[in-house]
Amino acid sequence: MLRAINLVLCVALAGCPATGDVPDAGGRDARNDLDAPPQSGGLVFEFGTDPVVPGTVGTKVRVDEVRVYWRDVRAIGDSAPGDYRTSIATLDLDWQGNNMPAPLAFPQAPPGLYSRLEARAGGGEKAYEIRGVVALNGGGMESFEISDEANESISIPLTGVMVNTARVTARITLSLGFLAAVDWDGLWNERHDLKIETGDPAIGPISAALAVSFALTDVH
């Protein structure tokens, strides 16, 4: 009889772990998770310009406002294919006066080494807008405005960006040096107007230069 009772108890308790072997809610022994990847502290992007807007490029150009419109923005890494954890549909970057873009945060960014930040210019009707003032050789100051609808690809290398258990912040800087290469005096003498927009013969080189003027300048 005693042997029968012991047998019933063993059947009833079948599958229960021995003392000290307590599985988690998923049925795993928590002690087996030592090799699991660390939880990410997240990846944050800050955006700036060089020079800081408002600011002067070279000796002739003062930039008062820059607006950049991106879509399909994705941070790509060895464990991040650019899915919902490190992507956003649209991103507007606006520098004017005391305003600057808010940081772009990906709190669920997977741990790993990141290689690039990708985007397409043209999040809305415009790809970008730049406004300011230029000093002409004749001594006058004239306002300029540049805007384009160009659908340029943006690919910014993220050399050295490693995400682990601590939050990582990467600073992306737009260099405005390409504005010094514009033939402002030639444009003014030709048409007495410094509004350069989609379809203008002068817009192509400017849009192409802007697309490659974003760079990673700090990681912390």
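User: In what order do the strands of the open sheet of 4 strands stand, and how are they paired?

Analyst: Strands of a sheet pair through backbone hydrogen bonds, either parallel or antiparallel. In this predicted model, the open sheet of 4 strands follows the order β5-β1-β10-β12, and its pairing is mixed.

User: Why is one side of β5 and of β12 left without a neighbour in the sheet?

Analyst: β5 (104–106) and β12 (214–219) stand at the edges of the sheet and have a single partner strand each, so one side of each lacks a neighbour there. Within this sheet, neighbouring strands are turned against each other by 25° on average, direction ignored.

User: How many bridges join β10 to β12, and do these strands run parallel or antiparallel?

Analyst: Strand β10, which covers residues 168–175, is joined to β12 by 5 bridges, and the two run antiparallel. As one case to look up in the structure, Leu174 has Phe214 in β12 as its bridge partner.

User: Turning to empty space, what is the volume of the largest pocket, and which residues line it?

Analyst: Rolling a probe the size of a water molecule over the atoms shows where empty space is left. Here the largest pocket has a volume of about 180 Å³, and its lining includes Phe178, Val182, Leu187, Pro205 and Ile206.

User: Which helices each supply at least two residues of that lining?

Analyst: They are α2 (184–191) and α3 (203–211), and α3 gives the most to the lining, with 3 residues.

User: How many helices and strands does the whole protein chain have?

Analyst: The protein chain has 3 helices and 12 strands, and 37% of its 220 residues count as buried.

Conventions: Residues numbered from 1 in each chain as written. Predicted model: local features only at pLDDT ≥ 70, side-chain atom pairs only at ≥ 80, totals over all residues. Heavy atoms only, no water. Buried < 20%, exposed > 50% of the residue type's maximum accessible area, 1.4 Å probe, protein only. Pairing = 2+ DSSP bridges. Axes fitted to C-alpha atoms, helices over the stretch in contact; angles between N-to-C directions. 1 Å grid on protein atoms, 1.4 Å probe; cavity = no way out; pocket = protein on both sides within 12 Å on 5 of 7 lines; lining within 4 Å. Points joined across faces, edges and corners; volume = space filled by probe spheres on them.
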